[in-house]
Amino acid sequence: MSVKSRSLTVRLLKETVTDPEVALKDSHRLQKIDLDGSPDGKILYAGQVYTNLPKWCTFFSVNDQHKLSSLLGAGAGALLFTKVKVLDGEEEKERWLAISFGMGHHALNLDYVQNGFGKRVALNKIGKGLVKSLDTRKPEESTIQTRVQNSKSADILDFGIEVERIILHSITGKCSVEDAFATVITGNNSLKLSTEVSFSTLDTKCAEIVKAYLSTDYQSNYPWFENITPIKDSLLTAGLDAVVVQTLKSRDTSLIHLAPPEIVDYHNHEKFKYTTSERNEEFDEINVNDYLDSVDLDTLTVEDLKRHRVRVQAGDSERFFDKWRVYDCIVFETVQDGYLFVFSNGEWYQVAATFADRVNQFFNEMTQCCLDLPDYTDGDKDEGGYNKRVAASIANLLHFDKDLVSFKGERGRVEFCDLLTTDRQLLHVKKRGYSSNLSHLFFQGYVSAEALLEDPNFRRQIRETLGEDQLHLVPETKPTPSDYEIVYALIHDGPQTVPFFSKVSLQATCRQLHRMGYKTSLKWISRVSGNG
């Protein structure tokens, strides 16, 4: 009797789960079903996950909706829990798999589901060069996901992704012809596979799935996979949130700060305040100390951080409007039980220790620019004001205001730099802030450096802004990149560091610049109170 090919969606319950019933939501509506023969290690729950009046009924009047009340949109579903005994090394272990049918997965409490299970199985089982699509995102852009697909199967590196800067959200591919595990696999936290399987052969297939999960083959082929792992365990995130609150209460602002969770155009956002601020209290930028001054630290909770808002005044309006949750503006890193945990854009991530060590070593060993620059003061208002003041006071600095010296070409809008020294140092100046802001700055430096080498029109337009005695700084012909130093100048008021994900982005950008032949360096600009 032939076995049909079916599509299965499988999740692995955490190792601590010995009774799968605890993995059901308290509000689930499924009923336990007695399976024929009461097979050992299998428990079935099935039923209507939901029964609601179809949404389209609300198009009609209330009276007419009553006439349609017999029309119910029902979501049927089931969960089959299957126990698997596998060898993990020399130790035999029992693990529960949850196989969902229809809408059954909605009844699962994801706190009890193994994070990243499907991705690990897929990376271990997809054949060499047989990847079809990838869903990825960068951790500093938690709301932006990217899907890359190939018209034919390919190796994962053929998709052009920067493996050390991305989180793999999902992967789809095929098993090799000789591997009967499955034909097509999609792995994220769950595993979806098309395979020949029946109820009678399910135990064998489930054992293969768990064995594939426990395999460490992926570590040699994809060593970057678990560098950065989003945390979906609500118990763990609750504990980490408590560390955030305690840090805020201690007012140790060397460990935590606030920054906009997206790129902000300060020409259009002139003032900020908090929903907890005094009525007439306004700020030029968001700052953790200003927020802490506005709240009762003794009673501060995570719920407060999620309820309190940063309010923004647009440049063309006198009104303030709620923009971001304070919770989403927090930038924080902490080491707990030997692991680095990073909080960015309202999400927690766990960073592999070896990866964190490599990134921190690169950052700590970066060349420090020896250029002598004055402090940033309140009188500067913003980076543009600082750049203009510094260029006017230092003879060997040229100011390139972005509104005057910004070019459009094949690469789109390219800003050359903020300041250029007569020693060919290209300074890109930014207040230290959120990872996405800094990543934008680093990328801006890379695009400018690439255009300087490859775009004659770009060089021509820069030369048109220079005096006769300055033309040697940007030659007509392709310049020698080793003559130039790309300087990332960061304005700060605290320890000389940046968020971890900014370090990851900086490392990747500097490596690209080094490959082109450029020198790179960091410059720290102290921020002080007063007008200087």
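This report covers two nonpolar cores, one open sheet and two individual residues. The model is predicted.

**Nonpolar cores**

The largest nonpolar core holds 44 residues, and within it Phe117 and Ile171 touch the most other members. Helix α3, residues 202-214, is the top contributor to this core, giving 6 residues. A separate core of 35 residues lies apart from it. Tyr446, Leu452, Leu466 and Trp524 are among the members of that second core. As a general rule, nonpolar side chains in soluble globular proteins tend to be buried together.

Ile171 has a long contact list once neighbours within four places in sequence are set aside. On the earlier side in numbering, the list includes Ala122, Leu123, Ile126, Val131, Ser133, Leu134 and Ile156. Ile185, Thr186 and Gly187 are also in contact with Ile171.

**The open sheet**

Five strands make up an open sheet, ordered β19-β22-β23-β24-β25, with mixed pairing. Strands β19 (397-399) and β25 stand at the edges. Each has a single partner strand, so one side of each is left without a neighbour in the sheet. Neighbouring strands are turned by 25 degrees against each other on average, direction ignored.

At the β19 edge, 3 bridges join β19 to β22, residues 419-421. The two strands run antiparallel. His399 stands opposite Leu419 of β22.

At the other edge, β25 spans residues 519-526 and includes Lys519. Lys519 touches Ser482, Tyr484, Glu485 and Ile486, not counting residues up to four places away in sequence. Pro481 is 38 residues from Lys519 in sequence, yet the C-alpha to C-alpha distance is 7.9 Å.

**Ser100 and Lys519 in the table**

Each of these residues sits in a strand: Ser100 in β5, residues 91-102, and Lys519 in β25. Their exposure is listed below.

| Residue | Relative accessible area | State |
|---|---|---|
| Ser100 | 11% | buried |
| Lys519 | 42% | partly exposed |

Ser100 counts as buried because its relative accessible area of 11% falls under the 20% limit. Lys519, at 42%, falls between the 20% and 50% limits, so it is classed as partly exposed.

What joins the side chains of Ser100 and Arg11? A polar contact of 3.4 Å does. Arg11 also appears in the wider contact list of Ser100, alongside Thr9, Ala78, Leu79 and His105, with neighbours within four places in sequence left aside.

Methods:
Residues are numbered from 1 along each chain as its sequence is written. This is a predicted model: local features need pLDDT of at least 70, side-chain atom pairs count only at pLDDT 80 or more; totals for chains, interfaces and linings use all residues. Side-chain values use heavy atoms; hydrogens and water are left out. Helices (H or I, at least four residues) and strands (E, at least two) are DSSP runs, numbered from the N terminus. Buried means under 20% relative accessible area, exposed over 50%, partly exposed in between (1.4 Å probe, protein chains only). Contact means heavy atoms within 4.5 Å. A nonpolar core is a set of buried Ala, Val, Leu, Ile, Met, Phe, Trp, Tyr and Cys residues joined through side-chain atoms within 4.5 Å. A polar contact is a pair of N or O atoms within 3.5 Å; within protein, one must be able to donate a hydrogen and the other to accept it, and residues adjacent in sequence count only if both atoms are side-chain atoms. Two strands pair if DSSP finds at least two bridges between them. Axes are lines fitted to C-alpha atoms, for helices over the stretch in contact, and angles run from 0 to 180 degrees between N-to-C directions.
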